[in-house]
Amino acid sequence: MADTNIVTTAEDVRSLEAGLDALETKYVVRTGPWLRIRRSVLPPIVTFLLFLGVWEIVYRLELKPPYALPSPADTWLQIQDLFASGLAQAALWGSLQHAFVGFAASIVIGTVLGVLMARVRVVRAGLGPFVSGLQVLPSVAWVPAAIIWFGLSDAAIYAVVLLGAVPSIANGLLAGIDHVPPLYYRVGHVLGARGLTAVRLVVLPAAFPGYLAGLKQGWAFSWRSLMAAELIAHSPEIGPGLGFLLDQGRELNDMAWVFAGILLILAVGLAVELLVFAPLERRVLQQRGLSGADR
């Protein structure tokens, strides 16, 4: 009788293991290029075309005079003129250079700060409220202080970008670490992962979804901070930028120029989202089994 129970128990265990294996099986749903285009590319294009249609309707209804609200065609001609003169290329290059350098520095500082707040209780208690407060503070508020501290220089621009992006990155990483199951730490400890090794091999990979959300928000804050800084602080040392291009349109009282600047700023933001963060987010979800065929 005892032997029968043992056999039955063993069979139950094998059945349970088979069921768990089946649950963990990854089913790869292959989609053709047209389906991927329809899901990821067509919706933004359709939305943009609808936006242009509404814009054209509002223009034709003459709710605002033409000098205050140019048509989409006039704005497109202005964009072409800006590219033909080289002003658009110079502004794009200047803003992207400031944005990527500032955001890269923000990632380093925000990551170190987030890990310190997560691992050292005193640091979290002391700095946590201030970091959260900085996150909700409008970045434009730092522009006058940065100009006084660093003058009309690249350092002032980078200071505003850092102060806008670092809090979001640090808080995103902190939230991700807070959601790491305690079992991960115990397993890492058993396998010999301690100190910086545990942070690199256990903490950061497990907290990556929250960290990615912080990076995404940090990029948005850094781009907005940069535009605010370029609108106010511009000099030959800083060089051209999209914010400066936008301010030139305001000084010329040329709304087509202003709209062109706004669309160029929006285009960069959308490009970074669609080409960098959206694919990275999909890959993370797929690796963790959180995205199915219906996503």
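**Close-up views of a predicted model**

**View 1. Helix α5 passes helix α13 in a right-handed crossing.** The model shown here is predicted. Helix α5 covers residues 87-119 and helix α13 covers residues 255-287. Their axes lie 12 Å apart, and the packing angle is about 45 degrees. The two helices are therefore oblique to each other, since an angle that is neither under 35 degrees, nor over 145, nor from 65 to 115 counts as oblique.

**View 2. Residues of α5 and α13 form the contact between the two helices.** On the α5 side, the contact is made by Leu-87, Ala-88, Leu-92, Leu-96 and Phe-103. On the α13 side, the residues are Trp-257, Leu-264, Val-268 and Phe-277. Sorted by class, the contact of α5 with α13 has nine nonpolar residues, no polar ones and no charged ones.

**View 3. Helix α5 also crosses helix α12, which covers residues 242-251.** The axes of α5 and α12 come within 7 Å and cross at roughly 135 degrees. This pair of helices is therefore oblique as well. From α5, the contact involves Leu-87, Ala-91, Leu-92 and Ser-95. From α12, Leu-242, Gly-243 and Leu-245 take part. The contact of α5 with α12 divides into five nonpolar, two polar and no charged residues. Leu-87 and Leu-92 of α5 are listed in this contact and also in the contact with α13.

**View 4. Ala-118 of helix α5 is partly exposed.** The relative accessible area of Ala-118 is 24%. Ala-118 counts as partly exposed because the class takes in values between 20% and 50%. Leaving aside neighbours within four places in sequence, Ala-118 is in contact with Leu-174 and Ile-177. Ala-118 and Leu-173 are 55 residues apart in sequence, and their C-alpha atoms are 8.5 Å apart in space.

**View 5. Thr-75 of helix α4 is buried.** Helix α4 spans residues 72-85. Thr-75 has a relative accessibility of 1%, and the residue counts as buried because the class is set at under 20%. Not counting residues up to four places away in sequence, Thr-75 touches Trp-55, Pro-70, Ala-256, Phe-259, Ala-260 and Leu-263. Among these, Ala-256, Phe-259, Ala-260 and Leu-263 have numbers that fall in the range of helix α13, residues 255-287.

Conventions. Residues numbered from 1 in each chain as written. Predicted model: local features only at pLDDT ≥ 70, side-chain atom pairs only at ≥ 80, totals over all residues. Heavy atoms only, no water. Axes fitted to C-alpha atoms, helices over the stretch in contact; angles between N-to-C directions. Helix = DSSP H or I, 4+ residues; strand = E, 2+ residues; numbered from the N terminus. Left-handed = near helix turned anticlockwise from the far one by under 90°. Contact = heavy atoms within 4.5 Å. Nonpolar A, V, L, I, M, F, W, Y, C, P; charged D, E, K, R; others polar. Buried < 20%, exposed > 50% of the residue type's maximum accessible area, 1.4 Å probe, protein only.
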